[in-house]
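Please look over the structure below before reading on. The notes after it are brief and grouped by topic.

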Amino acid sequence: MQSLAFKYFYEVAQQGSLSAASESLHVAVSAISRQIHQLEQRVGAELFERSARGMLLTPAGQILLKHVRRVNLETESTFQAIAGLSDTAKHPIRLACTQGVAHELIPSLMAQFSLVHSQSRFDVFVSSAKVATERVAMGDADIAITFSTTPSETVAVRFSCEAPALAIMAKNHPLARRKRLRLDDVQQYPLALTDRNTSTYKLYQLACNMTGKWVEPSVYSNHAEALHAYVRDSQAILFASYISVAGRLNASGLVAVPIRNAEMHARVVQVQVMQGRRLPELMEEFIDLVIGRLQSIDAQAPH
């Protein structure tokens, strides 16, 4: 159970000031201040920098905040496990993911999991990779399934495998029968690209920087589904991972061709959780299901 001092500390860290925490908790500022002072004496370090701007966490405070978040989540999981003794219990699994896995992979996995665990329920938040990772680190999501081009020290990575960007095009496209392509080949045709916050955009930008040739895409969109339809009915080409499109290539009349440029391979798909957090058994089972599916797709991917 969370101590009173931890409760007050957490609220001040969240609100950024004693007065805001006082209003939120309906507790006197003096009582909150006294508890935090005692907590600082106990840990032997200042937890906040007090200034006109409010209460800012010190490095020691940031470490303690991570601990308190983890304890809060594990306490909640324990209560859920106890509630799970009742047949009517519901177990939320909060997922954060990017568009690339949100359209096919995640819905399919949720449906498969629910057949075995009918009491489970899900909360899915679709965002950029950066935001998905932040949500897990902050405790706003339990699991992130996301593409990454840079390592993160804020989460624990349970699984990681390469997720290169492939050239996706209509089956009747002039390049569709090629085994592999170079970026120069692809740039001879109209391009469709996801927005600047996506890992796919970053890979394309990096590859263009290395070749010294930037070709502006004909279509940008923050919604990948729109790009798929556009490419299907034109000679345009989009970039996507096999994980994103494996379940829809045949049905959509599309094919995926690997790109030789090494920069288009500089990405991985990851399953991320909060560092040091002990997850409930139900979430661990879902993670195992996700990892198994990702391994299966990776084994089938064109190389």
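What follows is a short briefing on the overall fold, two helix pairs, two loop residues and the salt bridges.

This is a predicted model. The chain holds 13 helices and 12 strands. Of its 303 residues, 46% are buried.

**Overall picture**

- The C-alpha trace spans about 75 × 50 × 25 Å along its principal axes.
- Take the contacts between residues at least 6 apart in sequence: 73% of them join residues at least 24 apart.

**Helix pair α1 and α2**

- Helix α1 covers residues 4–15 and helix α2 covers residues 18–25.
- Their axes come within 8 Å and cross at roughly 120°.
- The two helices are therefore oblique to each other.
- The crossing of α1 past α2 is right-handed.
- On the α1 side, the contact uses K7, Y8, E11, V12 and Q15. On the α2 side, the partners are L18, A20, A21, S24 and L25.
- By class, the residues of this α1–α2 contact are six nonpolar, two polar and two charged.

**Helix pair α6 and α13**

- Helix α6 spans residues 105–116, and its axis comes within 11 Å of the α13 axis.
- These two axes cross at roughly 130°.
- That angle makes α6 oblique to α13.
- α6 passes α13 in a right-handed crossing.
- From α6, the contact draws on L105, S108, L109, M110, Q112 and F113. From α13, it draws on L282, E285, F286, L289, V290, R293, L294 and I297.
- The α6–α13 contact has 10 nonpolar, two polar and two charged residues.

**Two loop residues**

- Where is H26? It sits in the loop between α2 and α3, and α3 covers 29–43.
- Most residues other than glycine have a negative phi.
- H26 has a positive phi, near 60°, and is not a glycine.
- H26 is exposed, with a relative accessible area of 72%.
- T58 lies in the loop between β2 (54–57) and α4 (59–83).
- Is T58 buried or exposed? T58 is buried, at 8% relative accessible area, under the 20% cut-off.
- Which residues does T58 contact, leaving aside neighbours within four places in sequence? They are E46, L47, F48 and E49.

**Salt bridges**

- Side chains of opposite charge can pair when their charged atoms come close.
- How many salt bridges does a search of the whole structure find? It finds nine.

*K130 and E134*

- The side chains of K130 and E134 form a salt bridge, with N to O at 2.6 Å.
- Both residues belong to helix α7 (residues 129–138). They are four residues apart, so about one helical turn separates them.
- K130 is exposed, at 60% relative accessibility.
- E134 is partly exposed, with a relative accessible area of 36%.

*D142 and R277*

- D142 forms a salt bridge with R277, and the closest N and O atoms are 2.8 Å apart.
- D142 lies in the loop between α7 and β5 (143–148). R277 lies in the loop between β12 (268–274) and α13 (281–300).
- The pair therefore ties together parts that are 135 residues apart in sequence.
- D142 is buried, at 2% relative accessibility. R277 is buried too, at 7%.
- A network of salt bridges links R94, D142 and R277.

*R232 and D233*

- R232 and D233 also form a salt bridge, and the closest N and O atoms are 3.0 Å apart.
- D233 counts as exposed, at 57% relative accessibility.
- R232 counts as partly exposed, at 40%.

**Points to keep in view**

- Both helix pairs are worth viewing along their crossings: α1 passes α2 right-handed, and α6 passes α13 right-handed.
- For a salt bridge with buried partners, turn to D142 and R277.
- For a salt bridge inside one helix, turn to K130 and E134 in α7.

How values were computed:
Residues numbered from 1 in each chain as written. Predicted model: local features only at pLDDT ≥ 70, side-chain atom pairs only at ≥ 80, totals over all residues. Heavy atoms only, no water. Axes fitted to C-alpha atoms, helices over the stretch in contact; angles between N-to-C directions. Parallel < 35°, antiparallel > 145°, perpendicular 65-115°, else oblique. Left-handed = near helix turned anticlockwise from the far one by under 90°. Contact = heavy atoms within 4.5 Å. Nonpolar A, V, L, I, M, F, W, Y, C, P; charged D, E, K, R; others polar. Buried < 20%, exposed > 50% of the residue type's maximum accessible area, 1.4 Å probe, protein only. Salt bridge = Lys/Arg side-chain N within 4 Å of Asp/Glu carboxyl O.
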